[in-house]
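Reader: I have a model with a ligand open on my screen. Could you show me how to read the ligand's surroundings and the domains?

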Amino acid sequence: MTSNNLLKCLECGTRYDNDFRLSCDNDDSFLRMEYPERINLRQVNGIGKFTDWLPINEVLTTTAGPVTYKSEHLAEELGLTNLYISFSGYWPERDASIKTCSFKELEAHPTMQRLKESGHKAIVLASVGNTARAFAYVSALTGMDVYIVVPEFGLDKLWIPTEVTDSIHLITMNKGNDYTDAINLSQRIADLEGIMPEGGARNVARRDGMATVMLDAAFTINRIPDHYFQAVGSGTGAIAAWEASIRLRNDGRFSDHMPKLQLAQNLPFTPMVNAWNERRREIIPELDMPDAKSSIEKIYADVLSNRTPAYSVTGGLFDCLTESDGIMYAISNSEAKSAQDMFESLEGVDILPPSAVAVASLVKAVEKQNVNRDDVILLNIAGGGEKILKSEFSVSTIKPTASAKDSDIDLDLIMDTGSYRA
Ligand SMILES: Cc1ncc(COP(=O)(O)O)c(C=O)c1O
């Protein structure tokens, strides 16, 4: 049974039932879920709390969810009086219990539940690591089949905090292939009968799962923040934060102003920063990401390496940045690393490289006076606590079931296609 809420096309307004639909029949725009105007929190821990604004019926039982707290030490260092941190990861001291250590688990739980409620059993996705880990873990918990395509450089991130199950099928791509090659191969696998594409930013379960970062913050702070900081790769998390703010404003209890999106990418791979700085809706590869593959090899936060982000599409990041009068920052590896050291020593928890990029962008924003001292700021630390987790739990490495030389490979060579042909 699918949820009673409807999906609505942002371009033409056509409404659809909420099955696992990812696109409109008439145009290329995003679909967005229509939920009750006011959200009532369910009395559970984790993101199940926000079920009213998730595209699923059953209340998720996972304790995984974002945690929002007011920073003291980093705030003092930066001279800020209202800095709030949203932490997605593992940090028992703060009741943060995402054991795959990134906000990608916020996408994975509702997506797999939406898949199940729509009557499907298998899903395919491309990832550079953190998303793969999150979906593999949820597959191990639910038994739902997941096909994961990962470029070789993402392999070290492929562990889960439980036993690996037969439901996890990992396909690696040989050296020389990047995230976009993995996306291309996963799209071919998704054409097989019986395997659903996870849909990336087009999947409302992914966006609305990530949106819980903003929801949790609004319930903790009692208002919508003035600024939202995050490092972006596909743009999904930031779009989700924007959509959550629209819903919170319409709810009426959290003030009626919207946050300014302040987003960052890692130099030298900064296609969205380059396009946005010229207020261009289109990303022009020759201008905005020349030598993309070699640039991607140089970035510290390698998960921020999507060559086809959700930027130009109606409802995508360009629209959100435009509506919020947003700012984008290009952060160097050394800026990210020193921001990481500063955060870890002041706040007392290890963070992942993309979160370091987000911290560095906040440092820059303070320097450039893009925030005022007393503004209410939400800094999304979208991944962290891996060191703490690994000191407390043993993790299992996921072994590849196949490897692909490129995205055109014969699918029979990498998977049992027989079970998925009509
Ligand atoms: C920890 C972390 N932060 C930020 C990002 C970028 O998020 P998005 O792809 O939603 O833009 C990722 C992507 O994998 C991530 O793992």
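Author: Gladly; we will start with the ligand and then turn to the domains. This is a predicted model, where local features need pLDDT of at least 70, side-chain atom pairs count only at pLDDT 80 or more, and totals for chains, interfaces and linings use all residues. Residues are numbered from 1 along each chain as its sequence is written, and side-chain values use heavy atoms, with hydrogens and water left out.

Reader: Which residues come nearest to the ligand?

Author: A residue is near a molecule if one of its heavy atoms lies within 4 Å of it. Here 17 residues surround the ligand, and Asn130, Gly233, Ser234, Gly235 and Gly237 come nearest.

Reader: What polar contact does Ser234 make with the ligand?

Author: A polar contact is a pair of N or O atoms within 3.5 Å. An N or O atom in the Ser234 side chain is 2.7 Å from a ligand oxygen atom. Gly233 places a backbone N or O atom 2.8 Å from an oxygen atom of the ligand.

Reader: Which domains give residues to the shell around the ligand?

Author: Domain bounds come from an automatic or database domain assignment. At least three shell residues come from each of domain 1 (67-101 + 205-389) and domain 2 (102-203 + 395-413).

Reader: How is the interface between them read?

Author: The size of an interface is often given as the accessible area lost when the parts come together. Buried area uses a 1.4 Å probe and is summed over both parts. Between domain 1 and domain 2 about 2800 Å² is buried, and carbon and sulfur atoms give 56% of that. In domain 1, Thr100, Ala205 and Arg206 lose the most area to domain 2, together 29% of what that side buries.

Terms used. Polar contact = N/O pair within 3.5 Å; in protein donor to acceptor, adjacent residues only side chain to side chain. Buried area = accessible area lost by both parts, 1.4 Å probe.
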